[in-house]
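Here is a quick tour of a protein and its RNA partner, written for someone who likes to check contacts atom by atom. Have the viewer open as you read.

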Amino acid sequence: MEYKFNEIEKKWQDHWKEKKVYKVSNESTKPKYYVLDMFPYPSGAGLHVGHPLGYIASDIYSRYKRLKGFNVLHPMGFDSFGLPAEQYALETGQHPAETTKKNIATFKSQLDKIGFCYDWEREVQTSDPNYYKWTQWIFLQLFNSYYDTTANKAKPIAELVKSFETNGAATHDSPLTTHAFTAAEWNGYSKQQQEEILMNRRLAFSKYGEVNWCEALGTVLANDEVVNGVSERGGHPVEKKKMRQWYLRITAYADRLLDGLETVDFSDSMKEMQRNWIGKSQGAEITFQVVNSQSSIVNNGVPDSGVPFTIHHSLLTVYTTRPDTIFGVDFMVVAPELDLVQQIKTPEQTAAVDEYIAYVKSRSDVDRMAEKKITGCFTGAYAVNPFDGKQIPIWISEYVLAGYGTGAIMAVPCGDERDFKFAKHFNIPITNIIGSYFNGEEANATKEALLENSGFLNGVKMTDAAEIVLQQLEEKGIGKRKVNYRMRDAGFSRQRYWGEPFPIIWSDGVAIPLDAEELPLQLPHVDKYGPGPSGEGPLANITDWVDLTPNPSPKERGAKDPGYMNSTKDEWRKTLQFAKQNRKDATVEEDIIWQEVRNRKIADCKFRRQHPIAGYIPDFVCLEKRLIVEIDGGYHNEADQIKFDTARESWLAEQGFTMIRFTNDEVNNALKTVLKNIEQALSTKESISEAAESNSPLPGRGVGGEVKRETSTMPGYAGSSWYFLRYMDPKNTATFCDRKASDYWNQVDLYIGGTEHAVGHLLYSRLWTKVLFDLGLIGYDEPFKRLLNQGMIQGVSALVKRIMVVKNDEVNRFLLIPDATKSQTPLEIIQFYVPVKYVEYKDNQLILTRENLLKLQEESPLYLNWELATVNNIFESVDLQNNFIERQSLTDNLKDDYVTLQPLVEKMSKSKYNVVNPDDVVDKYGADTFRMYEMFLGPVEASKPWDTKGIEGVHRFLRKLWRLFNDELKGKVWNNDKATDAELKILHRTIKKIEEDTEKFSFNTAVSAFMICVNDLFDVKCHKKEVLEKILILLVPYAPHIAEELWSQLGNEGTILDAQYPTFNAALLVESSKEYPVSINGKVRTNINLSLDLQQADVEKIIAENEVVQKWLEGKAPKKVIYVKNKMINVVI
RNA sequence: GCCCAUGUGGCGGAAUUGGUAGACGCAGCAGACUCAAAAUCUGCCAUUCGCAAGGGUGUGAAGGUUCGAUUCCUUUCGUGGGCACCA
């Protein structure tokens, strides 16, 4: 019987699907284990062989844990919002939703072929409204929260508002409160003023920030779309532009993100990367006077009386981690974009400064930091050293970034390499404050030196000087201690289409959140994906989506007899205040009802109290069901009031509201009946569906004026920051994840993904988790207990050297040349990708054959005018005058029918034509072979190029395993004989190795161990069920299909996926002696077999008698004999 | 530039973390079976000197610690990843 992997794998995949063996329940008596993969972005290129590396690793570990008796959650989904789909839409006009759907279908079928144990019923897609509803919802939690630095956690912003209303604010409450105000002042502020202060505290907030702006394309570009200051597409100039952006206040969590690293099991390098990203440093902020001086003659700290200078009103504040070097400051460097520069530049330097700023504007941050070239410009101004009055020239240079610290540094060239180079380049004299530690050739960042040339610090050790300087600065009031972070708040807006829309509307400059009931705010359909009129996202073009009916005045809403109301904004504000007051002045009966209906207590419907609708303020309203509950006081019997009530009721009825009334008596004496009636009323009314909602925000919010929707969308990391929670409870419509589910599954026990997400995704999801924890929505504040980094599988691109032949200004054809390095042809040689599909191996070289070139040409017209050529031919036939090569003489004389290609290891990507599709590999060798081969390639953590060459070996191994059970001619060969000790030894050695290796994710060595085991079993001709079935269980995580097939062939009932993992018996492997290597001076010369219980003296005696050792000793006595039990023996001569 | 990782035969990699460098596999070579091919099996396979026995060299490079270093330390070079709007 043959190993027909195609049939076997299909059969079991179908069987498993039908039996739902991968369905995971949130209820189990088994211990839980949560294995998570970083979910893929479903690109148009499909899954490539690099993706499954981590997925196979996690699948192996999940299956292993299952065999070990755990309830394992191992889900999969798609990070389906993103730029590529939008880019594709821009080029082809296909809607991203369409292409994304198609791509996901492809990915899923590809994943399924590999035989992963996912519970697809838990799949999540970030672009699914049912999912991003909750992304938006969590964003609103962030928006509605602030960071309380005293409690050191996030709290609802309503609490802050309350505190402002009663206590006002002192500036020192938070570094984010810009000025102090009393409660009375706060209450007197306009809505706009209040919101501005609150915006400054929200965890999700909006402010102006710089973006890469490309005027020609009319759009904002990503950093990697900008190359050397121009756009990647089209090469148009790009410059920095300020735009309103959303941010997440990740800086508030800097310390907790840092501390949290102590509690998780990530690799040290990963933690290190995150620490560096956060970049916490302790130092000082120092403020300097700025002067504009014609001369810098300084006399004992006092400028010469004869030299005129003016003191600017500007002050220069720098951040430094080395206050001890204050006397070594030879110049200041300010970030060119700071406003300060405009204030302090002198007239003589203005032209030079402006020119330099224009140059800097054109450069990206990455360029600026990566640049080796030293650039800068003197501003003409000087800062005054507060300790000795020395005037220090102020420069601007791109190596100082505005966003870090204060955007200005004090440069100490003797102690800082970059400052030193800058000083050398611009011939700025260098002060040496570290004596012999400084050699004049390079800076020395020592902290050990005794200070020199440092005024009152002379002779003080640098490590002590910092503290002295800090004290002096604080005494003089010109500086303070400062903890600084390199990390900036996370930009959360994208001027793009294919992302989550913000659940925010803007009304007169105030951001107003949508209500939870209004979510999801669906991404509207667009026909064009170009940027908005002034660089906003494409959504800005859909005016009937963006422009909302301005929040109508009560009159506009048709209020008949408002009496105390009219249509002006101020009056409307009064209504709101009225409502607010009503809430405070609630009657006892109203409070009773409120306690019963709040928090969705009744029929899961949200009630509000004293909520203005147009000009009316009903006692309670459920907006979703359009139900109003009134608790009547006695005054409702008055004639005027009845008239008003009737008018109100009929207008509200027109708007779809039903009103039910209860008296105070009823509330006091028959509460149960009242509640029952409310419930009854709710049940008779339909929920207002999202579609039926008017385009206008629910009435009663906003401050009037123009009302528009936010037009930017959320970035890629929004959806991926919390997806691990959704898998736990993916279908929940009431909440993002039920607390019971998140408590049961708790943290992700094992998270597998690439290092490319080291800082971005991991920090953001850690942040979201901490916020959700602070708000009491989940029970832990670190999402991932353990992180395993998977390496990248790179592609091997094949490059061909190509000469373009141009005739009469028209590209005539391309000549592919075998080895251009030998060529001195004057024609331009261009490298070009050849799709890997058509690349063959010959003599360890990549080649493109004539035959494959023809196939290539059939497939794509792109290659139609390609021809093989030889270097010699080019020389012979090229007509340089006309840049023309005679066709005839070329192809006929070609020695070989192929050209060699230049291999290049790089990322797998469609544009590089080096993507290898796992489907092809699975079709040819089967999923089990593919899974084991990917693992066999090397350690999961390591990056390596994909190479199919070795796959035969793994496939041969599986066939060999098969032949332990079945013979091609004889059929079944396994038997029920009792296993011998030698056979059990092979088995238990394997159990030990596989278990150890799987536990430590050393899957490549585990595959080797399987091979060794099968080879050994063949050597002893062991076909015994007793041994073989144990091996099969070990193999399940690695090659589930063949294991299940052979398991059933052995006559077992039920699936092997839930078999009992074999236990290792150490007693079977005990040895009594060992073949010791004997070294002379560390070099192995011979081996001797010794009993394991020998002592040092016994060994020395035996060694002395050994022939080989005697030969090397040449009669002398050994100086020393080193004997390490169970390891080795070394004789020192 | 800064941060992180990494470098071992023709190739992917192994080495119980300081103790026989090259397990396992690919490729290659020689042979068996076969009319032949495929499949399978056996042997060789870092490099160099040598008929052999045996010896020299060898884990990117240069130094150091140690009885002993792929492993620890210092310096240096190459490659890959990240650097905040690719995901």
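## Polar contacts to the RNA

Start with Gln495: an N or O atom of its side chain sits 2.6 Å from a base nitrogen of RNA strand B. Keep in mind that this is a predicted model.

Two asparagines go for the backbone of the RNA instead. Asn1004 puts a polar side-chain atom 2.8 Å from a phosphate oxygen of RNA strand B, and for Asn1015 the distance from a side-chain N or O atom to a phosphate oxygen is 3.1 Å.

## The wider RNA surface

Zooming out, 63 residues surround RNA strand B, and the ones that come nearest are Ala222, Asp224, Gln495, Leu937 and Asn1130. On the RNA side, 69% of the strand B atoms that come within 4 Å of the protein belong to sugar and phosphate.

Which helix gives the most to this surface? That's H33, residues 1003-1019, with six residues near RNA strand B. Sorted by class, the surface has 26 nonpolar, 21 charged and 16 polar residues.

## A four-stranded parallel sheet

Now for an open sheet: four strands, paired in parallel, in the order S2-S1-S28-S29. The edges are held by S2 (71-73) and S29 (787-790); each has a single partner strand, so one side of each has no neighbour in the sheet. Ignoring direction, neighbouring strands here are turned by 20° against each other on average.

At the S2 end, S1 (residues 32-37) pairs with S2 in the parallel sense over three bridges. Look for Tyr33, which stands opposite Val72 in S2.

## Two buried loop residues

Just past the other edge, Gly791 lies in the loop between S29 and S30 (793-807). Is Gly791 buried or exposed? With a relative accessibility of 4%, Gly791 counts as buried. Leaving out residues up to four places away in sequence, Gly791 touches Leu53, Val940, Glu941, Ala942 and Ser943. Gly50 is 741 residues away from Gly791 in sequence, yet their C-alpha atoms are 8.8 Å apart.

Thr711 belongs to another loop, between strand S27 (707-709) and helix H22 (717-720). Thr711 is buried too, at 12% relative accessible area. Among the residues Thr711 touches beyond four places in sequence are Glu536, Gly537 and Val546.

## A hairpin to finish

S20 (residues 504-507) and S21 (residues 510-513) pair in the antiparallel sense over four bridges, with Ile504 bridged to Pro513 in S21. The two strands form a hairpin with two residues between them, and Asp508 in the turn has a positive phi of about 50°.

Notes
Residues numbered from 1 in each chain as written. Chains lettered and ligands numbered in written order. Predicted model: local features only at pLDDT ≥ 70, side-chain atom pairs only at ≥ 80, totals over all residues. Heavy atoms only, no water. Pairing = 2+ DSSP bridges. Axes fitted to C-alpha atoms, helices over the stretch in contact; angles between N-to-C directions. Buried < 20%, exposed > 50% of the residue type's maximum accessible area, 1.4 Å probe, protein only. Contact = heavy atoms within 4.5 Å. Near = heavy atom within 4 Å. Polar contact = N/O pair within 3.5 Å; in protein donor to acceptor, adjacent residues only side chain to side chain. Nonpolar A, V, L, I, M, F, W, Y, C, P; charged D, E, K, R; others polar.
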